[in-house]
Amino acid sequence: MQVGGGRKAYDEINITPMLDLAYVLLVIFILMATASVQGIKVDLPKASSAKSLVQPKTIALTVSNDGQIYMDAFPVTIPDLETRLRNAKATDPEVPIVLKGDQTAQYGKIMEVLDLCRRLDLSKVGLVTGKQAAS
């Protein structure tokens, strides 16, 4: 009588499930990297010449047409924005900020955000515009 029941030992390791997992994780990382656009979508005013200020640690501030302020796609109030900007400045004193305002946005809200940046001595502030159509 044979004790093992005629089974033979595994000679090879099956790595197919591990490769499947690796491919799924690779696809997830690729999708997340391409979806990491900062801010929310607004209708930007057009400018004839615009220089890109986007850097890896750029903070995106957005003022929507109804006056709501967003910091990297999260709604904030002015006091909350001040706290967050102070923390960002403590981490990096030269943190770049881009301000996007809807072209129908309330000008007063945009000025509040610019005044706050000036009070906090944040000097790298840029205004985002869209590309002007060629005529």
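Which residue in S3 is the bridge partner of Val-63? Select both residues to find out: the bridge partner of Val-63 in S3 is Ile-69, and the tour below starts from the whole chain and works its way back to this pair.

**Before selecting anything**

What is on the screen is a predicted model, in which local features need pLDDT of at least 70 and side-chain atom pairs count only at pLDDT 80 or more, while totals for chains, interfaces and linings use all residues. Residues are numbered from 1 along each chain as its sequence is written, and side-chain values use heavy atoms, with hydrogens and water left out.

**The whole chain**

Show the chain as a cartoon and look for three helices and seven strands, where helices (H or I, at least four residues) and strands (E, at least two) are DSSP runs numbered from the N terminus. Followed from the N terminus, the elements come in the order α-β-β-β-β-α-β-α-β-β.

Colour the model next by pLDDT, the predictor's confidence in each residue on a scale from 0 to 100. The mean for the chain is 75, with 70% of the residues at 70 or more. Confidence is lowest in strand S1 (residues 46–47), with a mean of 57, and highest in helix H2 (residues 78–91), with 86.

Switch to a surface, and the chain exposes about 10,100 Å², of which carbon and sulfur atoms supply 59%; such areas come from the Shrake-Rupley method with a 1.4 Å probe, and for residues only the protein chains shown count as cover. Of the 135 residues, 27% count as buried, where buried means under 20% relative accessible area, exposed means over 50%, and partly exposed lies in between (1.4 Å probe, protein chains only). Among contacts (heavy atoms within 4.5 Å) in the chain with a separation of 6 or more, 70% are between residues 24 or more positions apart.

**The sheet**

Select S2 to S6, and five strands appear as an open sheet in the order S4-S3-S2-S5-S6, with mixed pairing. Strand S4 (74–76) and strand S6 (125–127) are the edge strands, each pairing on one side only. From one strand to the next, the twist averages 30°. Two strands are said to pair if DSSP finds at least two bridges between them. Strands of a sheet pair through backbone hydrogen bonds, either parallel or antiparallel.

Now select strand S2 (59–63) by itself. Five of its five residues are buried, so S2 is largely enclosed by the rest of the structure. In a regular strand the side chains alternate between the two faces of the sheet. In S2, Ile-59, Leu-61 and Val-63 are buried on one side, and Ala-60 and Thr-62 are buried on the other.

Add S5 to the selection: S2 and S5 run parallel and are joined by five bridges, and Thr-62 stands opposite Lys-100 in S5. Strand S5 (residues 97–101) also runs parallel to S6, with three bridges between them, and here Leu-99 has Leu-127 in S6 as its bridge partner.

Add S3 instead, and the pairing with S2 is antiparallel over three bridges, including the one between Val-63 and Ile-69. S2 and S3 form a hairpin with five residues between them, and Gly-67 in the turn has a positive phi of about 95°.

**The helix across the sheet**

Bring back H2, which lies across S2, S3, S4 and S5 and runs at about 25° to S3; for such angles, axes are lines fitted to C-alpha atoms, for helices over the stretch in contact, and angles run from 0 to 180 degrees between N-to-C directions.

**The salt bridges**

Finally, show the side chains of H2 and H3. The whole structure holds four salt bridges, each a side-chain nitrogen of Lys or Arg within 4 Å of a carboxyl oxygen of Asp or Glu.

Within H2, Arg-84 forms one with Asp-80, the closest N and O atoms being 3.4 Å apart; the two residues are four positions apart, about one turn of the helix. Arg-84 is partly exposed at 35% relative accessibility, and Asp-80 is partly exposed at 27%.

Another salt bridge links Arg-119 and Glu-82 (3.9 Å, N to O). Arg-119 lies in helix H3 (residues 107–119) and Glu-82 in H2, so this pair ties together parts that are 37 residues apart in sequence.

Within H3, Asp-115 and Arg-118 meet at 3.1 Å, N to O, and they lie three residues apart, about one turn of the helix. Asp-115 is partly exposed at 30%, whereas Arg-118 is exposed at 56%. As a last selection, take Glu-82, Arg-86 and Arg-119, which salt bridges with shared partners join into one network.
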